[in-house]
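Good morning, and thank you for making time for this presentation. I would ask you to keep the sequence and the structure in view while I speak.

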Amino acid sequence: MSFVIAIDGPAASGKGTISRRLARENGFHHLDTGLTYRAVAKALLDQNLPLDDVSIAEKTAYELDLSDLDPEVLAVHEIGNAASKVAVMSSVRKILVKAQQDFSLKLPGAVLDGRDIGTVVCPNADVKIFVTADADVRAKRRYDEAVSKGRDLNYDHVLADIKARDARDSERKDSPMRQADDALLLDTSKMDIETAFQAAKAMVDAAKNA
Ligand code: C5P
């Protein structure tokens with residue numbers, strides 16, 4: 001049986017970096033499930049198709065190839081916003097969740113990160129961590145990251161987008177973002193990424209040795 005690590009949390013909480021490093025450290029496969037929603041959104045945007053047409057979005061989700069998700073291309077802030085609109089459609093979620101569940105079976109283990117991994121995608125995961133941080137801290141991280149790449153963003157807009165996305169993700173009817181009852185909480189507001197990773201690693205090591 002594969003060992004499954006479920007990481008959930010809002011945008012810019014640190015969950016992506018933590019998940020990638022946990023996978024590398026343990027020799028596990030890694031799937032950033034946000035990329036699956038982003039890839040559907042990007043395909044729609046590229047073809048000038050609406051983001052809220054269920055049958056078009058379903059077809060796009062079916063055609064998605066999980067081995068062909070380019071994080072560099074999909075990382076753009078605007079694609080994240082579009083993804084959270086696509087992600088409110090239940091039938092699209094169903095298709096993507098099935099693909100994510102298949103991925104979680106990969107041996108010797110898998111790390112999946114997203115919003116609903118511990119609650120919906122992998123409710124029986126061996127360890128679940130909910131990674132979060134205050135919205136202003138997360139907005140500052142996203143802003144600094146964009147500036148370091150030479151992009152000219154407005155901090156207040158980034159903060160407003162982060163708050164809007166949090167609201168859309170946690171208030172939607174299907175699979176809202178929430179900490180699973182049996183998930184461990186990791187608040188990274190006052191941590192640098194190394195400290196946050198070490199804290200997550202300690203949680204995983206404890207579960208592996210249990
Ligand atoms: O994590 P990331 O910012 O890439 O996710 C983009 C969007 O995809 C999220 O705002 C959320 O709406 C959606 N998502 C989701 N369930 C997941 C992962 C992402 O609904 N498991």
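Let me begin with a convention: helices and strands are DSSP runs, with at least four residues for a helix and at least two for a strand, and they are numbered from the N terminus. What you see is a predicted model.

With that convention, I can place arginine 115, which lies in the loop between strand E3, residues 109-114, and H7. Is arginine 115 buried or exposed? Arginine 115 has a relative accessible area of 13%, and because buried means under 20%, this arginine counts as buried. Its side chain makes a polar contact with the side chain of aspartate 169, at 3.2 Å. Both of these residues also matter for my next topic, since Arg115 and Asp169 are among the closest residues to the ligand.

I turn, then, to the ligand. How many residues surround the ligand? There are 15, and the closest are Arg38, Arg93, Arg115, Asp116 and Asp169. By class, this shell has eight charged, four polar and three nonpolar residues.

Three side chains may be examined individually. In arginine 93, a polar side-chain atom lies 2.8 Å from an oxygen atom of the ligand. In threonine 33, an N or O atom of the side chain is 2.9 Å from a nitrogen atom of the ligand. In lysine 15, an N or O atom of the side chain is 3.5 Å from an oxygen atom of the ligand. As for the area covered, the ligand taken alone exposes 460 Å², and the protein buries 97% of that.

Where does the ligand sit? The ligand occupies the largest pocket. Two or more residues of the surrounding shell come from each of these elements: helix H2, residues 34-46, helix H5, residues 77-86, and helix H9, residues 155-171. Of the elements, H2 gives the most to the shell, with three residues.

Next, some positions in helices. Glycine 80 is placed in helix H5, one of the helices I have just named for the shell around the ligand. Glycine 80 has a relative accessible area of 1% and is therefore buried. Along the sequence, glycine 80 and arginine 165 are 85 residues apart, yet in space their C-alpha atoms are 8.6 Å apart.

Valine 120 is found in helix H7, residues 117-121. Why is valine 120 classed as partly exposed? Partly exposed covers the range between the 20% limit for buried and the 50% limit for exposed, and valine 120 is therefore placed there by its relative accessibility of 32%. Valine 120 and threonine 36 are separated by 84 residues in sequence and by 16 Å from C-alpha to C-alpha.

Glutamate 194 lies in helix H10, residues 193-208. At 35% relative accessibility, glutamate 194 also counts as partly exposed. The side chain of glutamate 194 makes a polar contact with the side chain of glutamine 198, at 2.8 Å. Between glutamate 194 and arginine 115, which are 79 residues apart along the chain, the C-alpha separation is 22 Å.

I now move to the loops. Threonine 188 is found between strand E5, residues 184-187, and H10. With a relative accessibility of 1%, threonine 188 counts as buried. A polar atom of the threonine 188 side chain lies 2.8 Å from the backbone oxygen of serine 13.

Finally, the backbone geometry. Most residues other than glycine have a negative phi, and most peptide bonds are trans. Which peptide bond is cis? It is the bond from leucine 107 to proline 108, with omega near 0°. Proline 108 is placed in the loop between helix H6, residues 90-104, and E3.

Two residues other than glycine have a positive phi to report. For alanine 12, phi is near 65°, and this residue is in the loop between strand E1, residues 3-8, and helix H1, residues 15-26. Asparagine 48 has a phi of about 60°, and its place is in the loop between H2 and helix H3, residues 54-62. In accessibility, alanine 12 counts as buried at 11%, whereas asparagine 48 counts as exposed at 73%.

That concludes the presentation, and I welcome your questions.

Definitions and conventions. Residues are numbered from 1 along each chain as its sequence is written. This is a predicted model: local features need pLDDT of at least 70, side-chain atom pairs count only at pLDDT 80 or more; totals for chains, interfaces and linings use all residues. Side-chain values use heavy atoms; hydrogens and water are left out. A residue is near a molecule or strand if one of its heavy atoms lies within 4 Å of it. A polar contact is a pair of N or O atoms within 3.5 Å; within protein, one must be able to donate a hydrogen and the other to accept it, and residues adjacent in sequence count only if both atoms are side-chain atoms. Accessible areas come from the Shrake-Rupley method with a 1.4 Å probe; for residues, only the protein chains shown count as cover. On a 1 Å grid over the protein atoms alone, a cavity is a set of points where a 1.4 Å probe fits but cannot get out, and a pocket is an open set with protein on both sides within 12 Å along at least five of seven lines; lining residues have an atom within 4 Å of a point. A molecule sits in a cavity or pocket if more than half of its atoms lie within 2 Å of its grid points. Ala, Val, Leu, Ile, Met, Phe, Trp, Tyr, Cys and Pro count as nonpolar, Asp, Glu, Lys and Arg as charged, and the others, Gly among them, as polar. Buried means under 20% relative accessible area, exposed over 50%, partly exposed in between (1.4 Å probe, protein chains only).
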